[in-house]
Amino acid sequence: MRMTAPPDSPGRLDDAALIEQSRHRPESFATLYDRHFGDIYRYIAARIGPQAADDLASETFLVAFRKRDGFDPERGAVRRWLYGIATNLLADHRRSETRRLEALARVQVDSPAESEHADRVAARVTAAATQRRLAAELSRLPDGERDVLLLVAYGDLSYEEIAQALDIPLGTVGSRLNRVRRKLRAVLNDITAESGGSDG
């Protein structure tokens, strides 16, 4: 039976302490699962869809459990470590993610009802076109750039957390994000120019 201390309980162990405790009492790891499964699941589902996300999120925790003896709290928080494991597991699902983004890029705009106001129609068409173009650009990004971008967007991780999750230098995180931003900004500028919305 799983026992979890309430979040505001004075006896609540932090994540690193739970990892340490789980080395002698493996059932303690269930509390980490309870705390972080939802965030890891949402991150994975946003990248490859909900069908595969449940299995991959569970696999993330199985890998973490097996590797818990190697966890080093000096290198960062448990949360970052879990995102790193999830991102590494996603590498085996790159084709699924790319297919998902390419499918999103092909989605057709629904024909709006005639009764809709012209401004709302224009906004919907522009939003759909923007979504398709951005999805197409995301599908073409190198894996490292896409990982960094989506850890910011879906995982809400800081630069330092991403560097620790992916085991890359902090400067690499910044340079990858800068490259991605330039690419996406160029796509948005093209869309604005095509729609005639650029004011200069």
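Aspartate 54 comes out as partly exposed in this predicted model, its relative accessibility being 39%. The residue sits in helix α3, which covers residues 50–66. Together with Asp55, Glu59 and Asp92, Asp54 makes up a negative patch on the surface. Membership of such a patch asks for over 30% relative accessible area and no salt bridge, and the 39% of aspartate 54 clears that area cut-off because it is over 30%.

Stepping back to the whole chain, the fold is helical: nine helices turn up and zero strands, so the string of elements from the N terminus reads simply α-α-α-α-α-α-α-α-α. Of the 200 residues, 36% count as buried. The protein exposes about 11700 Å², and carbon and sulfur atoms supply 50% of that area. As for how the chain packs on itself, take the contacts with a separation of 6 or more: 64% of them join residues 24 or more positions apart.

Two buried residues give a feel for the interior. Alanine 163, in helix α8 (residues 159–166), has a relative accessible area of 9% and is therefore buried. Beyond its neighbours within four places in sequence, Ala163 is in contact with Ile168, Pro169, Leu170 and Val173. There is also a long-range pairing to note: the C-alpha atoms of alanine 163 and glycine 76 lie 9.7 Å apart, although 87 residues separate the two along the chain. Glutamate 137 is the other case, placed in helix α6 (residues 118–140). Despite carrying a residue type that counts as negative, Glu137 is buried, at 13% relative accessible area. Once residues up to four places away in sequence are set aside, Glu137 touches Lys183, Leu184 and Val187.

The loops on either side of α8 each hold a backbone oddity. Aspartate 156, in the loop between α7 (143–153) and α8, has a positive phi of about 55° without being a glycine. Aspartate 167, in the loop between α8 and α9 (170–195), likewise is not a glycine, yet has a positive phi of about 60°. Both side chains face outward in terms of area: Asp156 is exposed at 62% relative accessible area, and Asp167 counts as exposed at 54%.

Charge pairing is the remaining theme. A search of the whole structure finds 12 salt bridges. One of them joins arginine 23 to glutamate 20, with an N to O distance of 2.5 Å. Neither partner is buried: Arg23 is partly exposed at 25% relative accessible area, and Glu20 is partly exposed at 39%. This pair does not stand alone, as Glu20, Arg23 and Asp69 are linked in a network of salt bridges.

Further along, arginine 25 forms a salt bridge with glutamate 27, whose closest N and O atoms are 3.4 Å apart. Here Arg25 is partly exposed, with 42% relative accessible area, whereas Glu27 counts as exposed at 52%. Arginine 42 and aspartate 39 also meet through their side chains, at 2.7 Å from N to O. Their spacing fits the helix: the two are three residues apart in helix α2 (residues 29–48), so about one helical turn separates them. Asp39 itself is partly exposed, with a relative accessible area of 30%.

Note on methods:
Residues numbered from 1 in each chain as written. Predicted model: local features only at pLDDT ≥ 70, side-chain atom pairs only at ≥ 80, totals over all residues. Heavy atoms only, no water. Patch = residues over 30% accessible without salt bridge, like charges linked within 9 Å, V, L, I, M, F, W, Y side chains within 5 Å. Areas by Shrake-Rupley, 256 points an atom, 1.4 Å probe, with all protein chains shown as cover. Salt bridge = Lys/Arg side-chain N within 4 Å of Asp/Glu carboxyl O. Charge placed at Lys NZ, Arg CZ, Asp CG, Glu CD. Helix = DSSP H or I, 4+ residues; strand = E, 2+ residues; numbered from the N terminus. Buried < 20%, exposed > 50% of the residue type's maximum accessible area, 1.4 Å probe, protein only. Contact = heavy atoms within 4.5 Å.
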